[in-house]
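Hi,

Here's the structure I said I'd pass along. Have a look at it first, and then read on for what turned up.

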Amino acid sequence: MTHYHKSSKPLVWLPFAAGGVTSAMVLPVLMLITGILNPLGLLPDGALSYERVHAVVAHPLGKLVLLGVLLPSLWHGAHRFRCTLQDLGVSSHGGRQMVMLGCYGFGFLFTILAIAALAAIW
């Protein structure tokens, strides 16, 4: 009989994987809609008007969806940036610790700022 030890790695990899899926599947669609279709006039008039977008973002479900799109992508990017810096040669223990604190500190700070900004919207 095989005995497995408990690990916290799934809890660490879950936000990274969620951010990867979000970044790959949802963000390109949002960029297409807001960056290409709307400026070219291919969306109905007023589809992205201030009043409409504000109504979506002000709704509690809209806030949850926005947080669900932005925050995992932010954490994914922070982890990717940390791995990239390590690949570029940050190999000392102190350097790795500083990069880790910087990347995840950035992710944590902007998570708090995003939650505060969405909470401030009526």
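Tyr104 is partly exposed, at 23% relative accessibility. On that scale, buried means under 20% relative accessible area, exposed means over 50%, and partly exposed is in between (1.4 Å probe, protein chains only). Trp75 is partly exposed too, at 26%.

Before going further, a word on where the numbers come from: this is a predicted model, so local features need pLDDT of at least 70 and side-chain atom pairs count only at pLDDT 80 or more, while totals for chains, interfaces and linings use all residues. Residues are numbered from 1 along each chain as its sequence is written, and side-chain values use heavy atoms, with hydrogens and water left out.

Back to the rings. Aromatic pairs here are rings of Phe, Tyr and Trp (its six-membered ring) with centres within 6.5 Å; planes under 30 degrees apart count as stacked, over 60 as edge-to-face and the rest as tilted. By this rule the count comes to 3 pairs. One of them joins Trp13 and Phe16, which sit edge-to-face at 5.2 Å centre to centre with 80° between the planes. Both residues lie in helix H1, 3 residues apart, about one turn of the helix. An α-helix has 3.6 residues a turn, so residues three or four places apart point the same way. In terms of exposure, Trp13 is partly exposed at 47%, whereas Phe16 is buried at 16%. The rings of Trp75 and Tyr104 have centres 6.1 Å apart and planes at 25°, so that pair is stacked. Trp75 belongs to helix H4 and Tyr104 to helix H5 (residues 93–120), so the pair ties together parts that are 29 residues apart in sequence.

Now the overall layout. The protein chain has 5 helices and 0 strands, and reads α-α-α-α-α along the sequence. Helices (H or I, at least four residues) and strands (E, at least two) are DSSP runs, numbered from the N terminus. The radius of gyration is 19 Å, well over the 14 Å that the globule rule gives for 122 residues, so the chain is more spread out than a compact globule. For reference, that radius is taken over C-alpha atoms, and the rule is 2.2 Å times the number of residues to the power 0.38. The C-alpha atoms fill a box of roughly 60 × 40 × 30 Å along the principal axes.

Of the 122 residues, 19% count as buried. The chain exposes about 9,100 Å², with carbon and sulfur atoms supplying 74% of it; areas are from the Shrake-Rupley method with a 1.4 Å probe, and for residues only the protein chains shown count as cover. As for contacts (heavy atoms within 4.5 Å), residues 24 or more positions apart account for 71% of those with a separation of 6 or more.

What about the span of helix H1? Its 17 residues (9–25) should cover 24 Å at 1.5 Å a residue, and the end C-alpha atoms are 24 Å apart, which agrees. The expected span is 1.5 Å times one less than the number of residues. The buried residues of H1 are Phe16, Gly19, Gly20 and Thr22, and they pack against helix H2 (27–37) and helix H4 (60–87). Thr22 has a relative accessible area of 10%. Leaving aside neighbours within four places in sequence, Thr22 is in contact with Leu27, Gly68, Val69, Pro72 and Ser73.

On cysteines: the structure holds 0 disulfides (a pair of cysteine sulfur atoms within 2.5 Å). For Cys83, the nearest cysteine sulfur is that of Cys103, 8.8 Å away. Cys83 is partly exposed at 28%, while Cys103 is buried at 6%.

Last, a couple of long distances. Leu40 is in the loop between H2 and helix H3 (50–58) and is exposed at 61%. Ser92 is in the loop between H4 and H5 and is partly exposed at 45%. The C-alpha atoms of Leu40 and Ser92 are separated by 50 Å, with their positions 52 residues apart along the chain. From Ser92 to Leu37, 55 residues apart along the chain, the C-alpha separation is 47 Å.

Cheers
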